[in-house]
Amino acid sequence: MNQSAAKSLKRSIPPFRADQVGSLLRTTAIKTAREQRAAGSISAEQLREIENEEIRRIVDKQKEIGLQAVTDGEFRRAWWHFDFLENLDGVEGYEPENGIQFHGVQTKAHSIKVTGKVDFSNHPMLEDYKFLHGLAGSHTAKMTIPSPNMLYYRGKIETPLYEDKEVFFHDLAEAYKKAIRAFYDAGCRYLQLDDTSWAAFFTEESRDKLRAEGKDPEAMLELSAKMVNEAIAGRPADMAITMHICRGNFRSTWTSSGGYDAAAETIFGGLNLDGLFLEFDDERSGGFEPLRYVNRPDLQVVLGLITSKFGELENPDTIKRRIDEASRYAGLEQLCLSPQCGFASTEEGNLVAEEQQWAKLRHVVEIAADVWK
């Protein structure tokens with residue numbers, strides 16, 4: 001293992017050497033309560049109390065395992081992105097004809113549309129964060145929200161207000177700046193933006209799809225970076241903002257493939273983030289060579305080497321060898337370890353048992369403790 005920069009191997013600020021993406025398998029109590037609420041047999045207040053109790057339990061479990069960052073598992077959400085986005089001003093949820101197509105399976109039908117001026121006010125997830133913050137104690141409460149790119153790539157714009165897309169991009173960035181400030185004021189010092197849109201740039205096939213839609217892949221790549229950078233511009237200096245780049249995660253399946261090579265200069269050199277959570281759990285993610293474009297000593301790269309899609313534990317020596325390989329392109333002091341994604345990007349969850357989920361997270365902590373001594 002490359003130990004050339006041993007002085008910063010332990011981290012007290014996020015992202016942490018042993019970290020997690022965010023979502024956790026919904027417990028039986030949560031699933032049952034959501035079904036009861038949908039059927040009208042319990043009230044919204046009763047559902048929230050059940051959610052509160054289950055979140056208390058899983059936060060305690062995360063602490064017990066040894067994670068420094070704790071999340072609420074996204075237990076109050078059905079989707080990793082839609083729940084947040086449709087609670088922005090000017091955005092609504094709706095049911096399209098079809099769901100999102102994954103490898104061999106399709107999600108339930110749901111999507112979002114922009115029907116008015118996009119803004120951030122009275123968002124319900126502020127209260128969700130405050131509850132988590134109150135449980136964190138000496139640990140760091142981590143909040144996860146979709147990247148602003150997801151409203152552009154997933155949302156249908158159905159208002160004449162945004163015939164000029166530049167007006168839309170401006171309002172979207174301003175809404176996210178307000179969101180970041182509101183979460184900060186609520187105590188948040190660790191915010192993660194989740195983003196699946198980058199996978200559109202990873203293969204020539206996916207770039208050809210953009211071209212077929214009349215879009216310029218290079219211009220779209222530049223726009224994706226611009227939207228993120230403008231959304232986080234002016235953030236408080238003591239607030240860490242990271243991004244998780246995903247290729248799809250639903251019922252242990254995926255939507256996209258391809259390494260980071262074609263977008264590496266933008267991802268590693270053009271985003272003003274504090275950390276990047278990157279999938280590296282199988283061959284679909286390519287090799288570590290793109291890490292050579294990391295050009296800032298303060299950028300942390302969180303290697304998603306432990307899969308959340310299957311329950312079997314990886315050989316720890318194999319993971320350590322892969323970390324060593326990655327450290328040839330970005331120094332060990334700039335690397336961290338996590339699962340490649342959450343365990344339940346939607347409420348259905350991956351095909352993993354809860355005990356296996358906790359074993360995976362414990363595996364991350366134990367391997368990281370050995371590597372970053």
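In the predicted model, Lys 142 is buried, with a relative accessible area of 2%. This lysine is placed in the loop that connects β6 (140-141) to β7 (143-146). Its side chain reaches the backbone oxygen of Gln 20 at a distance of 2.6 Å. When residues up to four places away in sequence are not counted, Lys 142 touches Asp 19, Gln 20 and Val 21, together with Ala 69, Val 70 and Thr 71. The remaining residues touched by Lys 142 are Leu 132, Tyr 190, Gln 192 and Phe 277.

A second lysine, Lys 360, is also treated here. Lys 360 belongs to helix α11, which covers residues 354-371. With a relative accessible area of 0%, Lys 360 falls under the 20% limit and is therefore classed as buried. The side chain of Lys 360 reaches the backbone oxygen of Phe 310, the distance being 3.1 Å. Apart from neighbours within four places in sequence, the residues in contact with Lys 360 are Ile 306, Thr 307, Phe 310, Gly 311, Glu 312, Leu 313, Glu 314 and Phe 343. Between Lys 360 and Thr 27, which are 333 residues apart along the chain, the C-alpha separation is 17 Å.

Gln 68 occupies the loop between α2 (44-65) and β1 (69-70). Its relative accessible area of 33% lies between the 20% and 50% limits, so Gln 68 is partly exposed. A polar atom of the Gln 68 side chain lies 3.3 Å from the backbone oxygen of Arg 11. Arg 11 is also among the contacts of Gln 68 beyond four places in sequence, the others being Ser 12, Phe 16, His 139 and Thr 140. The C-alpha atoms of Gln 68 and Val 365 are 9.5 Å apart in space, while the two residues are 297 apart in sequence.

Backbone geometry was examined next. Most residues other than glycine have a negative phi, and most peptide bonds are trans. The peptide bond from Pro 14 to Pro 15, however, is cis, with omega near -5 degrees. Pro 15 is located in the segment that precedes α1 (28-39). A positive phi, near 60 degrees, is found at Glu 74, a residue of the loop between β1 and α3 (82-85). Glu 74 is buried, its relative accessible area being 4%. Asn 122 likewise has a positive phi, near 50 degrees, and lies in the loop between β5 (111-119) and α4 (125-136). At 77% relative accessibility, Asn 122 exceeds the 50% limit and therefore counts as exposed.

At the level of the whole protein chain, the secondary structure consists of 11 helices and 13 strands. The radius of gyration is 20 Å, close to the 21 Å given by the globule rule for 373 residues, so the chain is as compact as a globular protein of that length. The C-alpha trace spans about 55 × 50 × 45 Å along its principal axes. Of the 373 residues, 58% are buried. Among contacts between residues at least 6 apart in sequence, 78% join residues at least 24 apart. The accessible surface amounts to about 15200 Å², with 47% belonging to carbon and sulfur atoms. The chain carries 46 positive and 59 negative charges, and the mean positions of these two sets are 3 Å apart.

Conventions. Residues are numbered from 1 along each chain as its sequence is written. This is a predicted model: local features need pLDDT of at least 70, side-chain atom pairs count only at pLDDT 80 or more; totals for chains, interfaces and linings use all residues. Side-chain values use heavy atoms; hydrogens and water are left out. Helices (H or I, at least four residues) and strands (E, at least two) are DSSP runs, numbered from the N terminus. The radius of gyration is taken over C-alpha atoms; the globule rule is 2.2 Å times the number of residues to the power 0.38. Buried means under 20% relative accessible area, exposed over 50%, partly exposed in between (1.4 Å probe, protein chains only). Contact means heavy atoms within 4.5 Å. Accessible areas come from the Shrake-Rupley method with a 1.4 Å probe; for residues, only the protein chains shown count as cover. Lys and Arg count as positive and Asp and Glu as negative; His and the chain ends are not counted. The place of a charge is taken as NZ of Lys, CZ of Arg, CG of Asp or CD of Glu. A polar contact is a pair of N or O atoms within 3.5 Å; within protein, one must be able to donate a hydrogen and the other to accept it, and residues adjacent in sequence count only if both atoms are side-chain atoms.
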